[in-house]
Amino acid sequence: TIELVFNSESKTGAGWAYYRYPLKINWAGWKTVEIPFSEAQTGRDPVGWKKITGFDFSTRGWGHEKATPGTVLYIDNFMVR
């Protein structure tokens, strides 16, 4: 499992806030992945989806130790709708 972390400003201006979505990588080959905004969890107090400043993929934290050795991900046609 990796965390997709969508960085946002904090409503209070007190530093980093975010939305996160755990994505279990349990397939081989190409796959279309759709992430419903409504299923993302919040971290701290993000301003909102219209104020995303970037995104990260994380294999550590939130109960994850590290990526499975040999895992390779290719990201193609990433979009937000």
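Modeller: A salt bridge is a side-chain nitrogen of Lys or Arg within 4 Å of a carboxyl oxygen of Asp or Glu. The structure holds 1 salt bridge. The model is a predicted one, in which local features need pLDDT of at least 70 and side-chain atom pairs count only at pLDDT 80 or more, while totals for chains, interfaces and linings use all residues. Residues are numbered from 1 along each chain as its sequence is written, and side-chain values use heavy atoms, with hydrogens and water left out.

Biologist: Why is the meeting of the side chains of Glu3 and Arg20 called a salt bridge?

Modeller: Their N to O distance is 3.0 Å, and because this lies within the limit for an Arg nitrogen and a Glu carboxyl oxygen, the pair qualifies. Glu3 belongs to strand E1 and Arg20 to strand E2 (residues 16-23), so the pair ties together parts that are 17 residues apart in sequence. Both Glu3 and Arg20 are buried.

Biologist: What makes Leu4 count as buried or exposed?

Modeller: Leu4 has a relative accessible area of 5%. Buried means under 20%, exposed over 50%, and partly exposed in between, with a 1.4 Å probe and protein chains only; Leu4 is therefore buried. Leu4 lies in strand E1 (residues 2-9), where strands are DSSP runs of E with at least two residues, numbered from the N terminus.

Biologist: Which residues does Leu4 touch?

Modeller: With contact meaning heavy atoms within 4.5 Å, and leaving out residues up to four places away in sequence, Leu4 touches Tyr19, Arg20, Tyr21, Leu23, Ile35, Asp56 and Phe57. The C-alpha atoms of Leu4 and Arg20 are separated by 5.5 Å, although the two residues are 16 apart along the chain.

Biologist: How do you know whether Phe57 is buried, partly exposed or exposed?

Modeller: The relative accessibility of Phe57 is 42%, so this residue of strand E4 (residues 52-58) counts as partly exposed. Phe57 also helps to make a nonpolar surface patch of about 660 Å², together with Phe37, Phe55, Leu73, Ile75, Phe78 and Val80. Such a patch joins nonpolar side chains (Val, Leu, Ile, Met, Phe, Trp, Tyr) within 5 Å, like charges being joined within 9 Å, and takes residues with over 30% relative accessible area and no salt bridge.

Biologist: Why is the aromatic pair of Tyr18 and Trp62 called edge-to-face?

Modeller: A search of the whole structure finds 8 aromatic pairs. In that of Tyr18 and Trp62, the distance is 5.8 Å centre to centre, with 75 degrees between the planes. Rings of Phe, Tyr and Trp (its six-membered ring) pair if their centres lie within 6.5 Å, and planes under 30 degrees apart count as stacked, over 60 as edge-to-face and the rest as tilted. The pair therefore meets the limit for centres, and its angle makes it edge-to-face. Tyr18 lies in strand E2 and Trp62 in the segment after E4, so parts 44 residues apart in sequence are tied together. Tyr18 is buried at 10% relative accessibility, whereas Trp62 is partly exposed at 33%.

Biologist: What strands and helices does the chain have?

Modeller: The chain has 4 strands and 0 helices, and its elements run β-β-β-β from the N terminus on. Of the 81 residues, 25% count as buried.

Definitions and conventions. Accessible areas come from the Shrake-Rupley method with a 1.4 Å probe; for residues, only the protein chains shown count as cover.
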